[in-house]
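Here are my comments on the model, set out as numbered points. Please read them with the coordinates open beside the text.

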Amino acid sequence: MENKTTIEERMDALEIRVSELESLLNKNPINIGDKLSNTKKLSITEFLGMKMPSGDVQKTLVIAYYLEQHENAGSFNVDDIKSHFRLARQPLPQNVNDKININIKKGYIMDAEEKKDSKKAWIVTNSGLKIVEVGFKNKK
């Protein structure tokens, strides 16, 4: 019986510690972000590997997301997408504009208000952000 009491006491103590940690995290979410920001930059190749998009349409969306979220691009143009396909050592789609247009039809990308480098520019929509963050299960 001694072991059971000891285990119960240890579990209670552990639950208290976890509750205290959760409380601290809820009060100070900035501290977590500070620690995460000190990590190394995630490459486009690593990011594509994590998200595992299938096909050029999904890869285009993941690259667009990466540009906005990891490179702080306010918008992107076709040259940005092409250059990141090359950086990731991925085969360049024959018609990148078509892949962007398919994402527009799905509601994942939309026109930006201003051009970028004198070229048409786009941004990722909230739906596009969510689909990349959640993953592409059953999405084609």
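1. From the N terminus on, the order of elements in this predicted model is α-α-α-α-α-α-β-β-α, which amounts to seven helices and two strands. Of the 140 residues in the protein, 32% are buried. Among contacts with a separation of 6 or more, 52% are between residues 24 or more positions apart. The protein exposes about 10100 Å², and carbon and sulfur atoms supply 51% of that area.

2. Helix H3, which spans residues 44–51, has Ile44, Phe47, Leu48 and Lys51 as its buried residues. Viewed down the axis of H3, these fall within an arc of 100 degrees, so they line one face of the helix. The spacing fits a general rule: an α-helix has 3.6 residues a turn, so residues three or four places apart point the same way. The cover over the buried residues of H3 includes helix H4 (55–70), helix H5 (78–87) and helix H7 (126–134). Just after H3, Met52 adopts a positive phi of about 50 degrees.

3. What does the side chain of Lys51 reach? Lys51, which is placed in helix H3, is buried yet has no salt bridge, and the nearest side chain of opposite charge, that of Glu133, is 7.3 Å away. The side chain of Lys51 does, however, reach the backbone oxygen of Val132 at 3.2 Å. Leaving out residues up to four places away in sequence, Lys51 touches Val62, Val132, Glu133 and Phe136. A colleague assigning protonation states may wish to look at this site with some care.

4. Helix H5 has Val78, Asp80, Ile81, His84 and Phe85 as buried residues. Seen down the axis of H5, they fall within an arc of 160 degrees, so they too line one face of their helix. The buried residues of H5 pack against H3, H4, helix H6 (96–106) and S2. At the start of H5, a side-chain oxygen of Asn77 comes to within 3.0 Å of the backbone nitrogen of Asp79, while after H5 there follows Arg89, with a positive phi near 60 degrees.

5. The structure holds five salt bridges, and two that involve H5 are taken up here. In one of them, Asp79 pairs with Lys119, and the closest N and O atoms are 2.5 Å apart. Asp79 lies in helix H5, whereas Lys119 lies in the loop between strand S1 (109–111) and strand S2 (122–124), so this pair ties together parts that are 40 residues apart in sequence. Both partners are partly exposed, with a relative accessibility of 35% for Asp79 and a relative accessible area of 34% for Lys119.

6. Asp80 forms a salt bridge with Lys116, in which the closest N and O atoms are 2.8 Å apart. This pair likewise links distant parts of the chain, since Asp80 is in helix H5 and Lys116 in the loop between S1 and S2, 36 residues apart. Is Asp80 buried or exposed? Its relative accessible area is 15%, and because the cut-off for buried is under 20%, Asp80 counts as buried. Lys116, with a relative accessible area of 22%, is partly exposed.

7. A further salt bridge joins the side chains of Glu71 and Lys41, at 3.7 Å from N to O. Here, too, distant parts of the chain are linked, with Glu71 in the loop between H4 and H5 and Lys41 in the loop between helix H2 (29–37) and H3, 30 residues apart. Glu71 is partly exposed at 32% relative accessibility, whereas Lys41 is exposed, with a relative accessible area of 59%.

8. The loop between S1 and S2 also holds Lys115, which at 64% relative accessibility counts as exposed. Apart from its neighbours within four places in sequence, Lys115 is in contact with Lys120 and Ala121. The C-alpha atoms of Lys115 and Ser75 are separated by 8.6 Å, although these residues are 40 residues apart along the chain.

Methods:
Residues are numbered from 1 along each chain as its sequence is written. This is a predicted model: local features need pLDDT of at least 70, side-chain atom pairs count only at pLDDT 80 or more; totals for chains, interfaces and linings use all residues. Side-chain values use heavy atoms; hydrogens and water are left out. Buried means under 20% relative accessible area, exposed over 50%, partly exposed in between (1.4 Å probe, protein chains only). Helices (H or I, at least four residues) and strands (E, at least two) are DSSP runs, numbered from the N terminus. The arc is that of the directions from the helix axis to the C-beta atoms. Contact means heavy atoms within 4.5 Å. Lys and Arg count as positive and Asp and Glu as negative; His and the chain ends are not counted. A salt bridge is a side-chain nitrogen of Lys or Arg within 4 Å of a carboxyl oxygen of Asp or Glu. A polar contact is a pair of N or O atoms within 3.5 Å; within protein, one must be able to donate a hydrogen and the other to accept it, and residues adjacent in sequence count only if both atoms are side-chain atoms. Accessible areas come from the Shrake-Rupley method with a 1.4 Å probe; for residues, only the protein chains shown count as cover.
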